[in-house]
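User: I would like to learn how to read salt bridges and burial in a model. Please take me through a case.

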Amino acid sequence: MRQQCVLEGIEATVDRKVQENRKPRTLDGEGEAKLVMLACSKPPEGHAQWSLKLLSDKLVELEIVDTISTETVRRALKKTA
């Protein structure tokens with residue numbers, strides 16, 4: 001940071017740069033809300049509770065997302081508690 005401050009100035013060092021290589025979020029706020037509603041609902045016939053795999057498959061089936069991993073579902077549910 002010191003070197004950048006000397007070469008580019010204090011403004012260039014302090015200002016945040018736009019992250020261009022970031023992957024867009026799979027679930028936005030609305031998608032997370034639908035996931036929580038789904039997880040709180042009654043599980044499908046033949047299952048005692050929702051699994052991460054069942055939830056991810058249902059999100060794709062309901063066309064909320066094109067594809068989603070069980071890890072993304074887990075993180076979203078953990079974040080919303």
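Analyst: The turns below deal with salt bridges, then with one acidic residue. This is a predicted model, in which local features need pLDDT of at least 70 and side-chain atom pairs count only at pLDDT 80 or more, while totals for chains, interfaces and linings use all residues. Residues are numbered from 1 along each chain as its sequence is written, and side-chain values use heavy atoms, with hydrogens and water left out.

User: How many salt bridges are there by this rule?

Analyst: A salt bridge is a side-chain nitrogen of Lys or Arg within 4 Å of a carboxyl oxygen of Asp or Glu. The count here is seven. Among them, Glu30 pairs with Lys34 at 3.3 Å, N to O, and Asp57 with Lys53 at 3.3 Å.

User: Where do Asp57 and Lys53 lie?

Analyst: Helices are DSSP runs (H or I, at least four residues), numbered from the N terminus. Asp57 and Lys53 are both in helix α4 (residues 52-61), four residues apart, about one turn. Glu30 and Lys34 are likewise four residues apart, in helix α3.

User: Is Glu32 buried or exposed?

Analyst: Buried means under 20% relative accessible area, exposed over 50%, and partly exposed in between (1.4 Å probe, protein chains only). Glu32 has 12% and is buried, whereas Glu30 has 52% and is exposed. Lys34, with 34%, is partly exposed.

User: Which residues does Glu32 touch?

Analyst: Contact means heavy atoms within 4.5 Å. Leaving out residues up to four places away in sequence, Glu32 touches Arg25, Leu27, Ala76, Lys79 and Thr80.

Technical notes: Helix = DSSP H or I, 4+ residues; strand = E, 2+ residues; numbered from the N terminus.
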